[in-house]
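Here are some questions and answers on how the terms used for a structure are applied. Look at the structure first, then read on.

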Amino acid sequence: MFRARIDASLLKECVDAITAVVDESRLKISDDGWRVRAVDAANVALIDFELRREAFDEYENQTDEEQETEIGIDFSKLSDILRVGWRKGDITLELNDKLHVKMNALSYTLSLISIETLRKEPKLPSLEFPTRVVLDAEDFRKVIKVAEKMGDHIVMGVSGDVFFMEAESEMDSMRFELRREELLSLSGDNARSIFSLDYIAAMSRAMNVETVTLYLGTDYPLRIEFELADGAVHIMYLLAPRIESE
Amino acid sequence: MFRARIDASLLKECVDAITAVVDESRLKISDDGWRVRAVDAANVALIDFELRREAFDEYENQTDEEQETEIGIDFSKLSDILRVGWRKGDITLELNDKLHVKMNALSYTLSLISIETLRKEPKLPSLEFPTRVVLDAEDFRKVIKVAEKMGDHIVMGVSGDVFFMEAESEMDSMRFELRREELLSLSGDNARSIFSLDYIAAMSRAMNVETVTLYLGTDYPLRIEFELADGAVHIMYLLAPRIESE
Amino acid sequence: MFRARIDASLLKECVDAITAVVDESRLKISDDGWRVRAVDAANVALIDFELRREAFDEYENQTDEEQETEIGIDFSKLSDILRVGWRKGDITLELNDKLHVKMNALSYTLSLISIETLRKEPKLPSLEFPTRVVLDAEDFRKVIKVAEKMGDHIVMGVSGDVFFMEAESEMDSMRFELRREELLSLSGDNARSIFSLDYIAAMSRAMNVETVTLYLGTDYPLRIEFELADGAVHIMYLLAPRIESE
């Protein structure tokens, strides 16, 4: 049993951040808040999502037996409902054998997905990123949009004092670069990896934030981190690199 | 012969209210104003529409012989034109053997449809509704939108002091309920009927109003009423219930 | 070699004006600015486009050998990129063996199209238009939109003191007319020609301007002229008339 109240638009942003990687997933509910850790069907992208108790206006976790409840949620269905519902105001969430989503006088009851049918929560791979870049999230989103016009992958990296993103089509090419002084932060070594654009594009659409932090290496995964609600929501994506076939 | 002037956006709302039920219909023009009463092809929905003389800025009904002129109009074509035309300002309507719709310097001439080819104006069925509910029109529209995500029908009714709307899919369900004190008005007995969502959805899109009045019964039709232009436009929909097959 | 800086939204409007007629075209760059003169594949529409040096914030034409450089550009690709990029701020353009379009920290490199593969620049046909009309561009665009609902062609002309645009479908018809005193200017003789709507519709979407000037004759081409950036951009379309088959 669980009962909580949260701002409608914040919940929508959280759900959209999750559905960038998975439609259905396990959700862990504890005294600390909500947590989702899941990988997509192709094992290319991982989300580690945390919605802390402070982000809620009310939060009652009435689990007696154990500290943590684990349920299976169809987040894409929840996203659909939140899109057409009342965007302003609060949403009350109540969990018993189903999840009850209350928007004003509307109560939407979402069946839980049997946990056994969902993939196990993945372990976080142990990764050491040599390079860290903090940049404006809107810039990042815009560059991804332009890159989508060109092809299906994007190169991201750091060379000396410069962070760069590159994409190319048969005829044309695109390069975005920011020097150390134009970034919010740049630290670490040179790096260069290629990633699938469709994953990054889905992730970038969830970034309605001011800044985003990237962790990079060479032919190495990408880690993207950003926060909502003054840090009460923490979203981390991991994306496997593509093998360069030249 | 008939000549009148009316606000462009009001005329658009009126035409959209009519096309929620019928594309083509008879239109009766008299000294009192315009009237449309029509049923859809499947005989499931009826509109009774009245646009009173006061809603017009100018109104000249020059019919000598009889009090009332009856013409056939393709309202969906008119809706199309009003959508792309000037939304602000007035529209002048002139009727002779065709309907001339003048927006600024543009005159659009709509051929009349031969009345013989159109269905007869239906009689209003004699109905006694045990229950009447007045609620916020935006709430009604939102609930219909959420319900459309779930299936093709909706249950509406009153149980004690509570007005409710319910929809369900194979897995999930939705219930909207407002208590007497949350409604603008609730009177009458308990009621419960099922309706096709596609009709109600079309009707609800025309409800750019503050409040809407519903008349309900048990396994009985639904009557929806709302007004535009401070009551100078009155719209009434009747919708047959669906037979519950459980 | 060429280098210039220009407002992003102005460049977008220019490119959209060109793609109303051709996707790919020759572009002539000289000390005076940019010039495009091209006809569409069906030889029905011509654009004569001039973007004068004054419209740029910076302009360096470093061509030594000759006064004018001619390159081949895929304007529809450029339009695509400008649509998703930063709409505000400046764009820097640099030409060497490719065209480099710099928006903030993003540099988009567009391959040039070999000039030999592009149609030769057409000669401007020698035309004498008996009639000239200046009108509100928004009115023109609205009328074109309504006309598109009716069919695939439009009649434009002048009769006495009246400029008119007419379209018709099997059943209905539309007539827009403005008298001399309602126009910004009307001079010349009576005129009447028919034109394909799809060309005019594409052209009209580029007219984000206050006024547009039309040159007309009888069964004669249409010339449309408008300016952007206080006259520093001049756009002229020529459109062949359709033969009336009645």
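**Terms and their values**

Q: How large is the area buried between chain B and chain A, and what share do carbon and sulfur atoms give?
A: The buried area is about 1,400 Å², with 59% from carbon and sulfur atoms. Buried area is the accessible area (1.4 Å probe) that two parts lose on being put together, summed over both. In chain B, Lys142(B), Lys149(B) and Asp172(B) lose the most area to chain A, together 37% of what that side buries.

This is a predicted model, in which local features need pLDDT of at least 70, side-chain atom pairs count only at pLDDT 80 or more, and totals for chains, interfaces and linings use all residues. Residues are numbered from 1 along each chain as its sequence is written, chains are lettered from A and ligands numbered from 1 in the order in which they are written, and side-chain values use heavy atoms, leaving out hydrogens and water.

Q: What makes the meeting of Lys149(B) and Asp80(A) a salt bridge?
A: A salt bridge needs a side-chain nitrogen of Lys or Arg within 4 Å of a carboxyl oxygen of Asp or Glu. For Lys149(B) and Asp80(A) the distance from N to O is 3.7 Å, so the pair fits the rule. Between chain B and chain A the count is two salt bridges.

Q: Why is Thr92(C) called buried?
A: Buried means under 20% relative accessible area, exposed over 50%, partly exposed in between (1.4 Å probe, protein chains only). Thr92(C) has 15% relative accessibility, and therefore counts as buried.
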